[in-house]
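Please open the model in your viewer, colour it by secondary structure, and keep the selection tool at hand for the stops that follow.

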Amino acid sequence: MSTDPVLSAATRVIPSFEYRRERWRNGLGWTREILRVPDTDDWQVRLSIAEIEQDAAFSSFPGIERALVLLRGEGLRLRFADGAVQTLLPPHDRVRFAGEAEIHGELVDGLTHDFNLMWRRDALEAELLHRPLVGSMFFFTEPATAWAIHLLAGQAQFEGDTDLPPMEAGDTAWLAAGPRTRYALRGGGELLAIRLSPR
């Protein structure tokens, strides 16, 4: 099986201070972009942290599937155009929805920071896991499997000869698709792990 070219972007740890802060597509908020693969406007997967400071409409992303996880704040209520309502509450509620859905976000009580996973649904499949980190956790990359790991809390270090730096809370690791490789992440805390594969 040949390695998926989209998911083979170089393995690395992205410290939180390197995230790129930019306006939302609709100009109504700010986001800190963690990663886009490939690193072009025609990305297939994108990770970011939305800073929501006021009630606002969400930007539209046709063809994109999205998952949102509450990171900080008292909560966020999503009102969908079809009348559905979903409320994200502490500590880490999450919701998945279509990027083209018409959504209005309402703050429950003050600003929130929200982890935002987006992927092109006709090209990729994504599985988002929320796990405690106690001791070692293992991740396996393959020609058709990459992982993104966002450390919610605590500290972690990849074991062995990976040349990857230690991770602090808020940092993100990208483990590229390629020859089958086992990564052992050791530490204590809490993380989001995203498994990505071609559709």
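Begin with the whole chain: of the 199 residues of the protein, 49% count as buried, where buried means under 20% relative accessible area, exposed over 50%, and partly exposed in between, with a 1.4 Å probe and protein chains only. This is a predicted model, in which local features need pLDDT of at least 70 and side-chain atom pairs count only at pLDDT 80 or more, while totals for chains, interfaces and linings use all residues. Residues are numbered from 1 along each chain as its sequence is written, and side-chain values use heavy atoms, with hydrogens and water left out.

Switch to a cartoon view, which shows 16 strands and 0 helices; these are DSSP runs numbered from the N terminus, of at least two residues for strands (E) and at least four for helices (H or I). The radius of gyration, taken over C-alpha atoms, is 17 Å, close to the 16 Å that the globule rule (2.2 Å times the number of residues to the power 0.38) gives for 199 residues, so the protein is as compact as a globular protein of that length.

Next, select Ile 34, Leu 47, Phe 115, Leu 117, Trp 174 and Ile 194, which touch the most other members of the largest nonpolar core, a set of 26 residues. Such a core consists of buried Ala, Val, Leu, Ile, Met, Phe, Trp, Tyr and Cys residues joined through side-chain atoms within 4.5 Å. Among the elements that give two or more residues to this core are strand 3 (30–37), strand 4 (45–52) and strand 11 (112–120). Apart from it lies another core, of 18 residues, including Trp 147 and Leu 191.

Now centre on Phe 115, whose contacts (heavy atoms within 4.5 Å) include Ile 34, Leu 47, His 150 and Ile 194, not counting residues up to four places away in sequence.

Finally, select strand 10 (residues 103–107): is this strand enclosed or open? Because 4 of its 5 residues are buried, strand 10 is largely enclosed by the rest of the structure. Strand 10 belongs to an open, antiparallel sheet of 4 strands in the order 5-10-7-8, where strands pair if DSSP finds at least two bridges between them. The edge strands, strand 5 and strand 8 (85–88), each pair on one side only.

Strand 5 (residues 56–57) meets strand 10 over 2 bridges, and Ala 56 has Gly 105 as its bridge partner. Strand 7 (residues 76–80) is joined to strand 10 by 5 bridges, with Arg 77 opposite Glu 106.
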